[in-house]
Amino acid sequence: MPNTKSVTHLYTYKGTVKEFERIVDHRWEASTLAVSEKKARCNLVHQYKEKTKRAPCSKITLPGKIVMVEDT
């Protein structure tokens, strides 16, 4: 079986949050560890839903850029 160990990176987001195309937060900041930017976006949306007690089925989008933090 091949070694499928994935490397995780730290991703950060600073920007607006939309719920059903309506801005609900202008300056939300968060970070997560993930293997890709796509997975990081999913993690951050989940974090926002958990912190603001939104239903899991609510449509939350992060229109800003997610930045991968370089290793030091």
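Guide: Let's start with a yardstick: a residue is called exposed when its relative accessible area is over 50%, buried when that area is under 20%, and partly exposed in between. Keep in mind that what you see here is a predicted model.

Visitor: Okay, let's try it out. Why is arginine 22 called exposed?

Guide: Arginine 22 has a relative accessibility of 53%. Exposed starts at over 50%, so that value makes the cut.

Visitor: And what makes its link to glutamate 19 a salt bridge?

Guide: The rule asks for a side-chain nitrogen of Lys or Arg within 4 Å of a carboxyl oxygen of Asp or Glu. For arginine 22 and glutamate 19 the closest N and O atoms are 3.9 Å apart, so the pair fits the rule.

Visitor: Why does glutamate 19 count as buried or exposed?

Guide: Buried, in this case. Glutamate 19 comes in at 14% relative accessibility, and since the limit for buried is under 20%, that settles the matter.

Visitor: Which other side chain does arginine 54 bring into the story?

Guide: Arginine 54 meets glutamate 19 in a salt bridge, with 3.2 Å from N to O. Arginine 54 sits in the loop between H1 and E3 while glutamate 19 belongs to strand E1, so the pair ties together parts that are 35 residues apart in sequence. As for cover, arginine 54 is called partly exposed because its relative accessible area is 24%, a value in between the two cut-offs.

Visitor: How many salt bridges are there under that rule?

Guide: The count comes to 5. One of them pairs glutamate 21 with lysine 18, whose closest N and O atoms are 4.0 Å apart. The limit is within 4 Å, so this pair still counts. Lys18 and Glu21 also belong to a network of salt bridges that links them with Lys59.

Visitor: What makes the labels of glutamate 21 and lysine 18 what they are?

Guide: Glutamate 21 has 55% relative accessibility, so it counts as exposed. Lysine 18 has 22%, so it counts as partly exposed.

Visitor: How do you know that E1 and E2 pair up?

Guide: A pairing needs at least two bridges between the strands. E1 (residues 9-19) and E2 have 10 bridges, running in the antiparallel sense, so they pass. Within that pairing, valine 17 stands opposite aspartate 25 in E2. The hairpin of these two strands has 2 residues between them, and phenylalanine 20 takes a positive phi near 50° there.

Visitor: Which strands besides E2 does E1 join?

Guide: E1 is joined to E4 (residues 66-68) by 3 antiparallel bridges, with threonine 12 having valine 67 as its partner in E4. E1 is also joined to E3 (residues 60-61) by 2 bridges, again antiparallel. Lysine 18 turns up once more here, with threonine 61 as its bridge partner in E3. With at least two bridges needed, E3 qualifies as a partner, so this counts as a pairing.

Visitor: What pattern do the strands and helix follow along the sequence?

Guide: The pattern is β-β-α-β-β, made of 1 helix and 4 strands.

Visitor: Let's look at the helix. Why is valine 45 called buried or exposed?

Guide: Valine 45, found in helix H1, has 13% relative accessibility, so it counts as buried. Its contacts farther along the chain are Ile60 and Leu62, leaving out residues up to four places away in sequence.

Visitor: What about the charge on lysine 49? Which side chain of opposite charge is nearest?

Guide: Lysine 49 also lies in helix H1. The nearest side chain of opposite charge is glutamate 19, at 8.3 Å. A salt bridge needs a distance within 4 Å, so lysine 49 has none, although it is buried. Counting residues beyond four places in sequence, lysine 49 touches Arg54, Ala55, Pro56, Ser58 and Ile60.

Visitor: Last stop: which residues form the nonpolar patch on the surface?

Guide: Leu10, Leu33 and Val69 do, with about 240 Å² of accessible area together. Patch members need over 30% relative accessible area. Leucine 33, which is in strand E2, has 55%, so it clears that bar and counts as exposed too.

Key. Residues numbered from 1 in each chain as written. Predicted model: local features only at pLDDT ≥ 70, side-chain atom pairs only at ≥ 80, totals over all residues. Heavy atoms only, no water. Buried < 20%, exposed > 50% of the residue type's maximum accessible area, 1.4 Å probe, protein only. Lys, Arg positive; Asp, Glu negative; His and termini not counted. Contact = heavy atoms within 4.5 Å. Patch = residues over 30% accessible without salt bridge, like charges linked within 9 Å, V, L, I, M, F, W, Y side chains within 5 Å. Areas by Shrake-Rupley, 256 points an atom, 1.4 Å probe, with all protein chains shown as cover.
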